[in-house]
Amino acid sequence: MQIKVCGLKAEASITALAKSNADLLGFIFYPPSARNIAVDDPIIDCIQKVNKHKVGVFVNADFHFILQVGLRCDLEYIQLHGEESPELVQELSQYFKVIKAFALDAHFDFRTTEEYHAADYFLFDTKGKHKGGNGIKFNWSLLENYKGE
């Protein structure tokens, strides 16, 4: 099992978790999020120094923005939570490991995931009002319909 702590914004939390048993540290780069980190935020300096696997979370951002932030923050993973294209995933996979998130409800068509073969991981999340976490319990039985790897 791997432990990922996401939505980090405070230097004290980042520093403490960098010394912990957490495997991955996640940072949000999505302006509507309350946990968004702007590209000119001084916390970027702290993120750069972290010696852990770092994940940048993006929603419908363009390739150049993701690449700029990813390289500046020395991210290892890019996590995509929007309607990003398979082509964008392919482009990003040349620079980072890519986690493609899918918002699931009872009507989700798992065949959609087949187009995203360039992703290293899929993240299945509960479909809600907002992109990313909504605080809604995940319906694990939905995964019975997933036939991929």
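Glu87, Glu91, Glu114 and Glu115 come together as a negative patch on the surface. Keep in mind that this is a predicted model. One member of that patch, glutamate 87, sits in helix α4, which covers residues 86-92. With a relative accessible area of 54%, glutamate 87 counts as exposed, because the cut-off for that label is over 50%.

Now for the overall build. The chain has 4 helices and 6 strands, and going along the sequence they come in the order β-α-β-α-β-α-β-α-β-β. Its C-alpha trace spans about 40 × 30 × 30 Å along the principal axes. How does the radius of gyration fit a compact globule of 149 residues? Such a globule would have a value near 15 Å, and the chain has 15 Å, so the two agree. As for burial, 43% of the 149 residues count as buried.

On to charge pairing. Side chains of opposite charge can pair when their charged atoms come close. The structure holds 4 salt bridges, and the table lists some of them, including the N to O distance for each pair.

| Basic residue | Acidic residue | N to O distance |
|---|---|---|
| lysine 97 | glutamate 76 | 3.0 Å |
| lysine 100 | glutamate 84 | 3.1 Å |
| arginine 111 | aspartate 109 | 3.0 Å |

Take the salt bridge between glutamate 76 and lysine 97 to start with. This pair links distant parts of the chain, 21 residues apart: glutamate 76 is in the loop between α3 (63-72) and β4 (77-80), while lysine 97 belongs to strand β5 (residues 97-104). Glutamate 76 is partly exposed at 25% relative accessible area, and lysine 97 is partly exposed too, at 33%.

Strand β5 also carries lysine 100, whose partner glutamate 84 lies in the loop between β4 and α4, so this pair ties together parts that are 16 residues apart in sequence. Are lysine 100 and glutamate 84 buried or exposed? Both of them are buried, which means each has under 20% relative accessible area.

That leaves the pair of arginine 111 and aspartate 109, whose side chains meet in a salt bridge at 3.0 Å, N to O. Here the partners fall into separate accessibility classes: arginine 111 counts as exposed with 59% relative accessibility, whereas aspartate 109, at 33%, counts as partly exposed.

Methods. Residues are numbered from 1 along each chain as its sequence is written. This is a predicted model: local features need pLDDT of at least 70, side-chain atom pairs count only at pLDDT 80 or more; totals for chains, interfaces and linings use all residues. Side-chain values use heavy atoms; hydrogens and water are left out. Patches are made of residues with over 30% relative accessible area and no salt bridge: like charges are joined within 9 Å, nonpolar side chains (Val, Leu, Ile, Met, Phe, Trp, Tyr) within 5 Å. Accessible areas come from the Shrake-Rupley method with a 1.4 Å probe; for residues, only the protein chains shown count as cover. Lys and Arg count as positive and Asp and Glu as negative; His and the chain ends are not counted. The place of a charge is taken as NZ of Lys, CZ of Arg, CG of Asp or CD of Glu. Helices (H or I, at least four residues) and strands (E, at least two) are DSSP runs, numbered from the N terminus. Buried means under 20% relative accessible area, exposed over 50%, partly exposed in between (1.4 Å probe, protein chains only). The radius of gyration is taken over C-alpha atoms; the globule rule is 2.2 Å times the number of residues to the power 0.38.
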